[in-house]
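User: I'm new to this structure and would like a close look at one part of it. Could you take me through that part and how it fits in with its surroundings?

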Amino acid sequence: MNSFVHKTLVVQLQAGASDRFPVLAHLSYDAADPFAVTVVFSHDGRVLARWRLDREMLTDGLGRPVGVGDVRMRPVSTGVWEELRLEFLGDARPDGGRQCAVVFAWAPALATFLRETREVVAPGREEVRIDDFLQEVIAGS
């Protein structure tokens, strides 16, 4: 059985109040890190950002608003188009605000990717190898 799932989506990066620009989102899931989905955003061959997101949070975000920290998600419907709005909050600015990037992903494509990850590791069946983790931490010190 394959322990890795990868999908590339074209998503929309919102700049300002209304303008959106297409960028690529490379989603990957590895059974060795069963709770996380890695997303690499790129444009013209350059990596713009890399985020590790909670798989359950992504799933929940398709149906309701989630997140209170640096990542927030909520479903958005335009009537014919179902999207997931992802807000990524960054470092503080001198004026006291925070940098923010907003990305819109086509919800059905993201749902398909998440379904494929559940075929690799079903929710509730995730295993964390604590001994391996501790060995890596100790070796790194």
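Where is the place of Ala107?

Analyst: Happy to. Keep in mind that this is a predicted model.

Ala107 sits in helix H2, which covers residues 107-120. Its relative accessibility is 12%, and since the cut-off for buried is under 20%, Ala107 counts as buried. As for what it touches, leave aside the neighbours within four places in sequence: Ala107 is then in contact with Leu62, Glu82, Glu83 and Leu84. There's also Gly61, which is 46 residues away in sequence, with 9.7 Å between the two C-alpha atoms.

Now zoom out to the helix. H2 lies across the strands E1 (4-15), E2 (19-30), E3 (36-43), E6 and E7 (98-106). Its direction makes an angle of about 155 degrees with E1.

Those strands belong to an open sheet of seven, with antiparallel pairing, in the order E4-E3-E2-E1-E7-E6-E5. The edges are held by E4 (46-54) and E5 (71-77); each has a single partner strand, so one side of each has no neighbour in the sheet. On average, neighbouring strands are turned by 30 degrees against each other, ignoring direction. As a general point, strands in a sheet pair through backbone hydrogen bonds, in either a parallel or an antiparallel way.

Back to one of the contacts, Leu84: its bridge partner in E7 is Ala105. E6 (residues 82-92) and E7 are antiparallel and share eight bridges. They make a hairpin with five residues in between, and Gly96 in the turn has a positive phi of about 95 degrees.

Follow the sheet from there in both directions. E7 also runs antiparallel to E1, joined by three bridges, and Leu13 stands opposite Val103 of E7. E6, for its part, pairs with E5 over seven bridges, again in the antiparallel sense. In that pairing, Val71 stands opposite Phe88 in E6.

One last stop is the loop between E5 and E6, where you'll find Val80. Val80 has a relative accessible area of 79%, so it counts as exposed, the cut-off being over 50%. Together with Trp81 and Trp106, Val80 forms a nonpolar patch on the surface, with about 370 Å² of accessible area between the three.

So, to put the two ends of this tour next to each other: Ala107 in the helix is buried, whereas Val80 in the loop is exposed.

Note on methods: Residues numbered from 1 in each chain as written. Predicted model: local features only at pLDDT ≥ 70, side-chain atom pairs only at ≥ 80, totals over all residues. Heavy atoms only, no water. Pairing = 2+ DSSP bridges. Helix = DSSP H or I, 4+ residues; strand = E, 2+ residues; numbered from the N terminus. Axes fitted to C-alpha atoms, helices over the stretch in contact; angles between N-to-C directions. Contact = heavy atoms within 4.5 Å. Patch = residues over 30% accessible without salt bridge, like charges linked within 9 Å, V, L, I, M, F, W, Y side chains within 5 Å. Areas by Shrake-Rupley, 256 points an atom, 1.4 Å probe, with all protein chains shown as cover. Salt bridge = Lys/Arg side-chain N within 4 Å of Asp/Glu carboxyl O. Buried < 20%, exposed > 50% of the residue type's maximum accessible area, 1.4 Å probe, protein only.
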